[in-house]
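Biologist: I should like to learn how to read a binding site in a structural model. Could we go through one together?

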Amino acid sequence: MKFELIEKKVADIDADIEIVLVVDKNFEHKWVKDRDDLETINFKGESEEVALLPHQKRVYVGAKSLDHDEIRIAAAKAIKALQNKKYKSAKVGVYIQNCPVTNIKAFVEGALFGAYRFDKYKSKKQESELQTIYIAKEDYSDKEFTTQNAIKSINEAIIVAEATNFVKDLVNTAPDDMTPKDLADIAEQIAKDEGLEYTILDEKELAKEGMNAFLAVARASAHPPRLIHLAYKPKNAKAKIAIVGKGLTYDSGGLSLKPSEYMVTMKSDKSGACAVLGIIQAAKRLQIPVEIHAIAGATENMIGGDAYKPDDVLVAKNGKTIEVRNTDAEGRLVLADCLCYAQEKIDIDYIFDIATLTGACVVALGEYTTGVMGFNEELKTTIIEAAQASGELAAQLPFNRYLPKLLESKVADICNISSSRYGGAITAALFLSEFIEEKNRQKWIHLDIAGPAYVEKEWGYHSYGAGGAGVRMVVKWLQKQFVFNKKHP
Ligand code: BES
Ligand code: ZN
Ligand code: ZN
């Protein structure tokens with residue numbers, strides 16, 4: 001799907017159909033030309049409500065306000081209503097609330113998310129006829145905006161939405177078609193396409209690096225592990241950041257085997273790794289002036305005669321010993337070594353990790369919200385604000401002085417699970433914090449995306465399955481910190 005800014009009023013553009021957002025419930029806006037018809041079919045203009053009027057060549061979609069997320073949802077619903085129809089082109093005006101950039105971006109993102117389909121495994125693929133969306137240089141409230149800003153917004157939205165949809169494709173792919181090696185091959189291809197540096201470590205090289213916690217998780221799998229490291233090094237870099245992703249291409253739970261109904265969807269346990277690939281791709285395309293290292297630990301967590309066991313003691317890359325009491329708490333073991341690797345190799349200003357780490361995070365926040373944890377209050381706040389501005393949902397889960405005690409082990413330096421059944425998202429983060437060097441504690445953020453990474457029902461502008469969680473919020477954070485001036489939302 002292409003987007004074109006046309007320097008005309010909506011009415012003067014030639015297209016197969018017009019998209020109209022109904023913000024005013026009295027249908028009094030000049031773009032709402034079919035008031036009688038809408039009343040006849042009892043269209044109320046509620047959020048997510050759509051009315052396609054083929055004879056009038058207009059599709060109406062309700063929106064509660066001009067808030068950017070309302071615009072995303074409305075755009076997605078409109079595009080969905082036009083899919084599988086014969087329309088090749090559509091036209092739409094611009095719906096500015098405060099900032100033209102934000103809302104034009106939101107419309108284009110929403111449209112691309114609405115158009116997203118994962119049909120890799122369907123024998124019959126439905127090709128969409130809709131090719132082009134013309135965006136008129138006319139605002140709903142007659143607000144002024146420059147052509148340059150509008151085009152910039154459209155281009156940015158395309159970069160971010162394409163990266164997010166690409167991440168969804170990777171996550172949605174079946175585990176046998178997306179093994180650690182497959183993921184590493186894709187990462188290498190991204191590096192080549194985007195002109196990034198890349199290093200891929202195989203199991204022998206992981207052993208040389210002393211990444212024994214990671215290797216223990218990987219041991220029972222027929223598909224050997226990979227550490228993926230891509231680097232984007234712009235000349236004008238204002239900071240260095242490492243973003244580490246959990247890449248469990250399948251999590252069966254290992255010997256602490258998951259019950260079957262919890263095992264389904266565990267192809268999505270690679271979502272953090274896929275997100276870091278999407279982030280570095282988008283950051284490069286947006287030319288964000290930050291040196292970015294995308295690091296992913298890719299492996300399966302399987303069972304077998306060679307599997308690591310509850311009672312094993314592992315020695316992580318930084319020499320800390322870990323008592324394994326549950327092999328299903330494997331993500332933190334992989335991340336522990338990857339976090340050590342990142343801190344050893346890179347002189348970082350920031351270190352983020354993104355992981356589908358705990359079911360407890362989903363219990364705490366619900367399935368749509370990312371959990372944000374770390375020691376730096378201001379950093380957490382900026383991330384949550386960036387998430388909100390990007391259309392993602394994120395909330396803080398707070399550390400306290402009592403929770404770390406729950407990870408104490410009688411036999412090793414630390415235990416891989418908490419002795420309490422409560423607060424599991426936070427204790428998982430506290431486990432990771434043991435692998436953050438003292439000097440880096442204020443630079444670290446942990447994002448638990450176990451909820452929004454994969455949802456088995458449609459929500460808002462999200463389709464069934466992978467959600468691409470983490471991509472938009474981190475890209476927005478990078479832009480807010482290093483690109484936008486303070487006035488920009
Ligand atoms: N990958 C899971 C976490 C998860 C659960 C992600 C549901 C997405 C949806 C993780 O490896 C895991 O199994 N965690 C355990 C930890 C427990 C053993 C302490 C969990 O959450 O139950
Ligand atoms: Zn697990
Ligand atoms: Zn897992």
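Biologist: How far apart are the zinc ion (ligand 3) and the zinc ion (ligand 2), and which residue coordinates both?

Modeller: Please note that this is a predicted model. The two zinc ions, ligand 3 and ligand 2, lie 3.2 Å apart, and D251 coordinates both of them.

Biologist: Which residues coordinate the zinc ion (ligand 3)?

Modeller: They are K246 through NZ, D251 and D269 through OD, and E330 through OE, at 1.9 to 2.4 Å. Along the sequence, these donor residues follow the spacing K-x4-D-x17-D-x60-E.

Biologist: What is the geometry of the site of the zinc ion (ligand 3)?

Modeller: One begins with the ideal: six octahedral donors have angles of 90 or 180 degrees at the metal. Here the zinc ion (ligand 3) has six donor atoms with angles of 77 to 171° among them, and the site is octahedral.

Biologist: Let us turn to ligand 1. Which residues come nearest to ligand 1?

Modeller: There are 15 residues around ligand 1, and K258, D269, D328, E330 and G359 come nearest. By character, the shell comprises seven charged, four polar and four nonpolar residues.

Biologist: Which side chains have a polar atom 2.8 Å from an oxygen atom of ligand 1?

Modeller: D328 has such an atom at 2.8 Å, and E330 likewise has one at 2.8 Å. For D251, a side-chain N or O atom is 2.9 Å from an oxygen atom of ligand 1. Taken alone, ligand 1 has 510 Å² of accessible area, of which the protein covers 75%.

Biologist: Where does ligand 1 sit?

Modeller: Ligand 1 occupies the largest pocket.

Key: Residues numbered from 1 in each chain as written. Chains lettered and ligands numbered in written order. Predicted model: local features only at pLDDT ≥ 70, side-chain atom pairs only at ≥ 80, totals over all residues. Heavy atoms only, no water. Near = heavy atom within 4 Å. Polar contact = N/O pair within 3.5 Å; in protein donor to acceptor, adjacent residues only side chain to side chain. Areas by Shrake-Rupley, 256 points an atom, 1.4 Å probe, with all protein chains shown as cover. 1 Å grid on protein atoms, 1.4 Å probe; cavity = no way out; pocket = protein on both sides within 12 Å on 5 of 7 lines; lining within 4 Å. Sits in = over half its atoms within 2 Å of the grid points. Nonpolar A, V, L, I, M, F, W, Y, C, P; charged D, E, K, R; others polar. Donors = N, O, S within 2.8 Å, 3.2 Å for Na, K, Ca; no water. Tetrahedral: all angles 85-135°; square planar, octahedral: opposite > 155°, others 65-115°.
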